[in-house]
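Please look over the sequence and the structure shown below before reading on. The paragraphs that follow then lead you from one residue to the wider chain and back again.

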Amino acid sequence: MPIVSKYSTDQIEKIVNTLLEQLRDENATTELSLMCLGNTISHIINTSVPAAQRLDVATQFGQALKDAVNSKKQ
């Protein structure tokens, strides 16, 4: 069963494209891009998720990232 998002594809793509454009404008390397995005994710989790749930959210995010990367190999 496919996962249904409460966010539209257009909304997601617009934000992702804005983030990628900013990284390109800064000539960010892959390493710098990952560092910046990782810091952003950590900030969002630490400021928006209750302390008791942060590790679970980070673990779920990490698994979703692994799944997304793994699905691209196939």
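A good place to begin is Ser33, which sits in helix H2, the run of residues 30-48; here helices (H or I, at least four residues) and strands (E, at least two) are DSSP runs, numbered from the N terminus. What you are looking at is a predicted model, in which local features need a pLDDT of at least 70 and side-chain atom pairs count only at pLDDT 80 or more, while totals for chains, interfaces and linings use all residues. Residues are numbered from 1 along each chain as its sequence is written, and side-chain values use heavy atoms, with hydrogens and water left out.

Is Ser33 buried or exposed? Ser33 counts as buried because its relative accessibility is 12%, where buried means under 20% relative accessible area, exposed means over 50%, and partly exposed lies in between (1.4 Å probe, protein chains only). If residues up to four places away in sequence are not counted, Ser33 touches Leu23 and Ala28, a contact being heavy atoms within 4.5 Å.

From this residue we can step back to the whole chain, which has three helices and zero strands and which, read along the sequence, follows the pattern α-α-α. The radius of gyration of the chain is 14 Å, well over the 11 Å that the globule rule gives for 74 residues, so the chain is more spread out than a compact globule; this radius is taken over C-alpha atoms, and the globule rule is 2.2 Å times the number of residues to the power 0.38. Taken along the principal axes, the C-alpha atoms fill a box of roughly 35 × 30 × 25 Å. Buried residues make up 5% of the 74 residues in the chain, and the accessible surface comes to about 6800 Å², of which 59% belongs to carbon and sulfur atoms. Such areas come from the Shrake-Rupley method with a 1.4 Å probe, and for residues only the protein chains shown count as cover.

Helix H1 covers residues 9-25, and at 1.5 Å a residue its 17 residues should span 24 Å, which agrees with the 24 Å between its end C-alpha atoms; the expected span is 1.5 Å times one less than the number of residues in the helix. Val16 belongs to helix H1 and is partly exposed, because its relative accessible area is 38%. Together with Tyr7, Ile12 and Leu20, Val16 forms a nonpolar patch on the surface, with about 340 Å² of accessible area. Patches are made of residues with over 30% relative accessible area and no salt bridge, where like charges are joined within 9 Å and nonpolar side chains (Val, Leu, Ile, Met, Phe, Trp, Tyr) within 5 Å; a salt bridge is a side-chain nitrogen of Lys or Arg within 4 Å of a carboxyl oxygen of Asp or Glu. Lys14 is also found in helix H1, and Lys14 is exposed, with a relative accessible area of 62%.

Following the chain onward, we come to Asn27, which lies in the loop between H1 and H2 and counts as exposed at 68% relative accessibility. Just after H1, Asn27 takes a positive phi of about 50 degrees, although Asn27 is not a glycine. Most residues other than glycine have a negative phi.

The last part of the walk is helix H3, residues 54-73, where Gly62 lies; Gly62 is partly exposed, with a relative accessible area of 24%. Val57 lies in helix H3 as well and counts as partly exposed at 28% relative accessibility. Which residues does Val57 contact, leaving aside its neighbours within four places in sequence? Val57 is in contact with Ile45 and Val49, and the C-alpha atoms of Val57 and Ile45, twelve residues apart along the chain, are separated by 7.6 Å. Leu55, another residue that lies in helix H3, counts as exposed because its relative accessibility is 65%. Between the C-alpha atoms of Leu55 and Leu23 there are 27 Å in space, with 32 residues separating the two in sequence.
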